[in-house]
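Q: I've got a model open and I'd like to learn how to read it feature by feature. Can you walk me through it?

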Amino acid sequence: YQCLGRLLALNGHLAEALGYLNEALQREDDTQTRQWRGYVLGRLHRYEEALADYLELRHLCDPQIEVNIGRMLLALRRFDEAEDVLVVVADPSAEQLLSAIPRYREFDMIAEDVRSIRYLFGGTCVLGTKGEEALRITDEKYQLLDFPYIAFTVHRFLALAQQFRWSF
């Protein structure tokens, strides 16, 4: 059951994978199976349940489990707790998540699309205004820009400011 669940999860059949992983855990409480179920639950946006699975495995003192706990806490918008977990983990993934916490805090919701991932972990920024609602990175009215484009935009803006004698 565990192997079938893992294969299904790796091929994107998450709901079906969860059924097999649950069946495997009913037969034997195995750490690998619980870790895979946490992964699947996280991918299904069932973050509280995934967090519970990862917390059950905390006694293993595995840095990857701690990173996954941090990920679930970030998904639940429990930023301070996530920071407390990740700051003590000696793992590049933890460092990357820690550096992204200010950007996680900035948005109401972060999707799992490429634009969101590039914003959280890459060299990009969002051009737009928040308005009354909290910013959603998947909102089409916002433009995601790389640093070379930002530099070009600022250069162009300064040229216009000089040409039209704008002052601020």
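A: Sure, starting with a term we'll need: buried means under 20% relative accessible area, exposed means over 50%, and partly exposed lies in between. Keep in mind that this is a predicted model.

Q: Let's try that on threonine 33: is threonine 33 buried or exposed?
A: Threonine 33 comes out at 2% relative accessibility, and the limit for buried is under 20%, so threonine 33 counts as buried. As for its place in the fold, threonine 33 sits in helix α3, which spans residues 31–43.

Q: What does threonine 33 touch, not counting residues up to four places away in sequence?
A: With those set aside, threonine 33 touches Gln2, Leu21, Ala24 and Leu25.

Q: And the start of the chain: what is tyrosine 1 in contact with, leaving aside its neighbours within four places in sequence?
A: Tyrosine 1 is in contact with Tyr20, Glu23, Ala24 and Arg27. Take that last one: tyrosine 1 and arginine 27 are 26 residues apart along the chain, while their C-alpha atoms are separated by 9.3 Å. Tyrosine 1 belongs to the segment before α1 (2–10), and at 43% relative accessibility it counts as partly exposed.

Q: Now a whole helix. Which residues of helix α4 are buried?
A: In α4 (residues 47–56) the buried ones are Tyr47, Ala50, Leu51, Asp53 and Tyr54. Look down the axis of α4 and these buried residues fall within an arc of 160 degrees, so they line one face of the helix.

Q: What do the buried residues of α4 pack against?
A: Their partners are α3 and α5, the latter covering 63–75.

Q: How about the surface: which residues form a nonpolar patch there?
A: Val154, Phe157, Leu158, Phe164, Trp166 and Phe168 do, and together they have about 710 Å² of accessible area. Pick out tryptophan 166, which lies in the segment after α9 (147–163). Tryptophan 166 has a relative accessible area of 42%, so it is partly exposed.

Q: Last one, on cysteines. What is a disulfide, in general?
A: In general, it's a covalent bond between the sulfur atoms of two cysteines. In a model you look for a pair of cysteine sulfur atoms within 2.5 Å.

Q: How many disulfides does that rule give here?
A: The count comes to zero. As for how the cysteines sit, cysteine 3 is exposed with a relative accessible area of 53%, and cysteine 61 is also exposed, at 64% relative accessibility.

Terms used. Residues are numbered from 1 along each chain as its sequence is written. This is a predicted model: local features need pLDDT of at least 70, side-chain atom pairs count only at pLDDT 80 or more; totals for chains, interfaces and linings use all residues. Side-chain values use heavy atoms; hydrogens and water are left out. Buried means under 20% relative accessible area, exposed over 50%, partly exposed in between (1.4 Å probe, protein chains only). Helices (H or I, at least four residues) and strands (E, at least two) are DSSP runs, numbered from the N terminus. Contact means heavy atoms within 4.5 Å. Patches are made of residues with over 30% relative accessible area and no salt bridge: like charges are joined within 9 Å, nonpolar side chains (Val, Leu, Ile, Met, Phe, Trp, Tyr) within 5 Å. Accessible areas come from the Shrake-Rupley method with a 1.4 Å probe; for residues, only the protein chains shown count as cover. A salt bridge is a side-chain nitrogen of Lys or Arg within 4 Å of a carboxyl oxygen of Asp or Glu. The arc is that of the directions from the helix axis to the C-beta atoms.
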